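Open your viewer, switch on a cartoon view and keep the selection box handy. We will go from stop to stop, picking something and looking at what is there.

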Amino acid sequence: MRLIRTVRAAVLASSVLAALLAPTPATASATPAAAAAPGDTVTVPVREALQALPVKDESRAGYERSKFRHWTDANHDGCNTRAEVLKTEAVDAPAQGANCVLTGGLWYSAYDDAYFDSARQLDVDLPLAEAWDSGASAWTAKEREAYANDLDDPRALIAVSAASNRSKADQDPSTWLPPYEGYRCQYVTDWVADKTRYQLAINPTEQAALSETLSRCPNEPITVTLAR
């Protein structure tokens, strides 16, 4: 999937979230619908998932990229998170040399509908500033590290052209969407899935932009395992 990748009253928000993020049948027997917790898997149409996200103003106060320890080697195999994503998403597998240096290979960048034959031409999209603005500023260092190295959900990290990723920078969908229009529905759907997985907030302009874009997209169900 990686490749082809205001504010409500408190009572209402709580009831909507509980109803929309009810566990799937696989977990419902073990977890009541009103008690969705980290580790539960939930399935909900993407527009309803968007409605359930908390809407808050964002703040970048105190943000530093170094507060998210990223590109770790969790399984100690010599390849860090970035390399693991590149290996997983390669259309043609690269050769792996010493210190997990990747040569050759072929990758598809869904942001710009283009192929690249060098890992050096690619970035792994990692929206750290957006996460900080949306709630990660209150997380522990370990929680931020887990977010920055999430290999468990294929929508969390995606290899794209360096040019497209750097044009995006720290922007959310209210000011930036992928240049390739054919990928925009998938992009905003995955954006909502990621915010749901980590229970991150959206700001009013972001909410409006997501809603407008999704109004032109299929209301597909998203299945998310909650990380928080």
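At what angle do helix α8 and helix α9 pack, and how far apart are their axes? Before you look, bear in mind that this is a predicted model.

**Stop 1: two packed helices**

Select residues 184–198 for α8 and residues 204–214 for α9. The two helices pack at an angle of about 135°, and their axes lie 10 Å apart. That angle makes α8 oblique to α9, because an angle counts as roughly antiparallel if it is over 145 degrees and as roughly perpendicular from 65 to 115. The crossing of α8 and α9 is left-handed.

Now show side chains where the helices meet. On the α8 side, pick V188, T189, W191, V192 and K195. Their partners in α9 are E206, L210, T213 and L214. Colour the residues of this contact by character and you should find five nonpolar, two polar and two charged.

**Stop 2: the buried face of α6**

Keep α8 on screen and add helix α6, residues 141–148. Which residues of α6 are buried? Pick R144, E145, Y147 and A148. Turn the view to look down the axis of α6: the buried residues fall within an arc of 160°, so they line one face of the helix. What do they pack against? The buried residues of α6 pack against α5, at 128–133, and against α8.

**Stop 3: V160 in a strand**

Next, select V160, which lies in strand β7, residues 158–161. Is V160 buried or exposed? V160 has 0% relative accessibility, so it counts as buried. Show the residues around V160, skipping those up to four places away in sequence, and you will see that it touches S109, Y111, Q121, L122, D123, D125 and N165. Then add L86: the C-alpha atoms of V160 and L86 are 9.6 Å apart, although 74 residues separate them along the chain.

**Stop 4: S164 in a helix**

Move along to S164 in helix α7, residues 162–168. The relative accessibility of S164 is 3%, which means that S164 is buried. Which residues does S164 contact, leaving aside neighbours within four places in sequence? They are S109, Y111, D112 and W176. You have already had S109 and Y111 on screen, since V160 touches them as well.

**Stop 5: A52 and a distant partner in sequence**

Select A52, in helix α3, residues 46–52. With a relative accessible area of 11%, A52 is buried. Now add A201 and draw a distance between the two C-alpha atoms: it comes to 9.8 Å, for residues 149 apart in sequence.

**Stop 6: two loop residues with positive phi**

Finish with a look at the backbone. Pick W71, in the loop between α3 and α4, the latter at 81–89. What is the phi of W71 near? The answer is 60°, a positive value in a residue other than glycine. W71 is partly exposed, at 22% relative accessibility.

The other residue to pick is D113, in the loop between β4 (107–109) and β5 (114–116). Phi of D113 is near 55°, again positive in a residue that is not glycine. With a relative accessible area of 40%, D113 is partly exposed.

Note on methods: Residues numbered from 1 in each chain as written. Predicted model: local features only at pLDDT ≥ 70, side-chain atom pairs only at ≥ 80, totals over all residues. Heavy atoms only, no water. Axes fitted to C-alpha atoms, helices over the stretch in contact; angles between N-to-C directions. Helix = DSSP H or I, 4+ residues; strand = E, 2+ residues; numbered from the N terminus. Parallel < 35°, antiparallel > 145°, perpendicular 65-115°, else oblique. Left-handed = near helix turned anticlockwise from the far one by under 90°. Contact = heavy atoms within 4.5 Å. Nonpolar A, V, L, I, M, F, W, Y, C, P; charged D, E, K, R; others polar. Buried < 20%, exposed > 50% of the residue type's maximum accessible area, 1.4 Å probe, protein only. Arc of directions from axis to C-beta.
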